Amino acid sequence: MNLFDVYPIYDIEPVTASGSRFTDSNGEEYLDFYGGHAVISIGHSHPHYIARVSNQLRQLGFYSNSIINPLQQELADKLGSVCGYPDYQLFLVNSGTEANENALKLASFITGKKGVISFRNGFHGRTAASVAVTDNPRIRAAINPCDHVSFFSLEDLNGVDEVLMKNETCAIIIEGIQGIAGINTPSREFLMGLRDLCNKYEVVLILDEVQSGYGRSGAFFAHQHSGIEADLITMAKGMGNGFPIGGLLISPSFESKHGQLGTTFGGNHLACSAALAVLEVIEDEKLIENARLMGNLLCEKLKAINQLVEVRGQGLMLGMKFDFNIKKLRHHLLFTEKVFVGSSSDPSVLRLLPPLCIGINEVDQFINCLTNSLKHEELLVD
Ligand SMILES: Cc1ncc(COP(=O)(O)O)c(C=O)c1O
């Protein structure tokens with residue numbers, strides 16, 4: 001049987017990994033500044049994570065959501081205290097798109113409306129409600145209508161206001177920092193403006209923190225840099241350090257009803273133990289502070305690189321903008337310098353999403369590898 005061939009893949013096969021490095025099937029070691037799409041938060045193969053997940057597997061791997069699973073409450077308590085939303089409610093799912101799907105559904109349930117405001121170049125996932133609010137017609141099929149969605153540029157508060165006046169909108173959905181777009185951060189004023197508009201028109205504010213959350217930006221959630229609170233917050237990637245888990249934080253103003261949401265796998269024993277291990281390591285090793293410090297250090301060192309047009313983002317979610325297509329540079333970094341970095345939908349932006357545990361050595365190694373690569377003028381043209 002063939003695999004359904006939807007992924008363009010690099011000819012490289014990681015077989016073992018530790019911290020911020022992995023080794024391929026030829027024994028070559030790579031510096032991982034991509035974390036498998038921002039998923040590796042506490043580092044590869046963390047011993048506490050391995051112990052907690054394997055102990056759980058030995059005890060009980062799975063049972064459905066129709067029994068008592070105390071790990072779910074343990075996770076809710078821990079997450080509430082670490083993330084700064086202790087009085088919110090938690091609904092557990094398996095992925096980022098599912099978290100957004102449920103957030104949009106809840107917003108529609110509570111308001112009885114269906115209009116959604118979303119932002120250009122944003123990404124929220126590939127299932128029906130999430131892909132409808134994602135500004136990319138290439139991944140939307142005829143079965144995914146989006147005529148209920150209005151897309152605006154970041155910062156366009158007037159446009160948002162005009163649509164809200166029609167009183168048809170259930171939710172505004174926005175990424176804490178736009179990731180796939182090439183690292184675009186909404187301004188503090190813009191997020192505060194959206195919060196005010198949501199209060200005024202009784203619309204649900206959904207912060208998609210699937211990529212920018214879990215400490216990556218140097219705050220638990222990127223929107224917390226702006227001092228606002230969201231009504232619903234969606235999470236996934238860094239939450240399980242590779243174990244599939246997603247979640248939805250729900251404001252106390254939302255009343256739950258049996259049967260309104262549900263999932264077979266969401267919140268299972270293994271997923272909860274992986275997520276608990278992640279939070280324990282984030283706390284013990286002060287990884288949010290480390291993301292802030294290492295992000296600042298990286299930005300400082302990147303400033304000395306002439307070929308860079310702009311460095312954007314916060315913490316360890318950074319976009320490096322050049323004035324050429326980065327495809328050849330990315331290849332060179334990967335195959336010659338052995339550094340894995342990400343691309344974005346902006347062809348001139350390289351994305352850095354390393355594990356939150358990197359230290360000064362990794363920052364220095366990355367800067368050396370980048371500097372070496374940029375000496376090759378043939379890489380710096382389209
Ligand atoms: C901001 C954002 N939201 C949602 C998703 C979808 O997450 P998943 O691929 O886990 O469904 C992604 C994935 O890249 C994302 O970056």
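A residue is counted as near a molecule if its C-beta atom, placed from the backbone, lies within 6 Å of it. The exercises below apply to a predicted model.

**Exercise 1.** Find how many residues surround the ligand, and state which are the closest.

*Solution.* Applying the cut-off gives 15 residues around the ligand, and the closest of them are Ser95, Gly96, Thr97, Gly125 and Val210. Next, ask which element supplies the largest share of this shell: it is helix H4, residues 96-111, with three residues. Finally, sort the shell by class, which yields four nonpolar, nine polar and two charged residues.

**Exercise 2.** Describe how helix H2 and helix H8 are placed relative to each other.

*Solution.* Two packed helices are described by the angle between their axes and the distance between the axes. For H2 (residues 47-59) and H8 (residues 269-284), the axes come within 9 Å and cross at roughly 155 degrees. Angles over 145 degrees count as roughly antiparallel, and therefore H2 is roughly antiparallel to H8. The crossing of these two helices is right-handed. The contact itself brings His48, Tyr49, Arg52, Val53, Gln56 and Leu57 of H2 against residues of H8 that include His269, Leu270, Ser273 and Ala274. By class, nine residues in this contact of H2 with H8 are nonpolar, four are polar and two are charged.

**Exercise 3.** Decide how the chain compares with a globular protein of its length.

*Solution.* Begin with the elements of the chain, which are eleven helices and 14 strands. Its radius of gyration is 21 Å, close to the 21 Å that the globule rule gives for 382 residues, so the chain is as compact as a globular protein of that length. Along the principal axes, the C-alpha trace spans about 55 × 55 × 45 Å.

Definitions and conventions:
Residues numbered from 1 in each chain as written. Predicted model: local features only at pLDDT ≥ 70, side-chain atom pairs only at ≥ 80, totals over all residues. Helix = DSSP H or I, 4+ residues; strand = E, 2+ residues; numbered from the N terminus. Nonpolar A, V, L, I, M, F, W, Y, C, P; charged D, E, K, R; others polar. Axes fitted to C-alpha atoms, helices over the stretch in contact; angles between N-to-C directions. Parallel < 35°, antiparallel > 145°, perpendicular 65-115°, else oblique. Left-handed = near helix turned anticlockwise from the far one by under 90°. Contact = placed C-beta atoms within 7 Å. Rg over C-alpha atoms; globule rule 2.2 N^0.38 Å.
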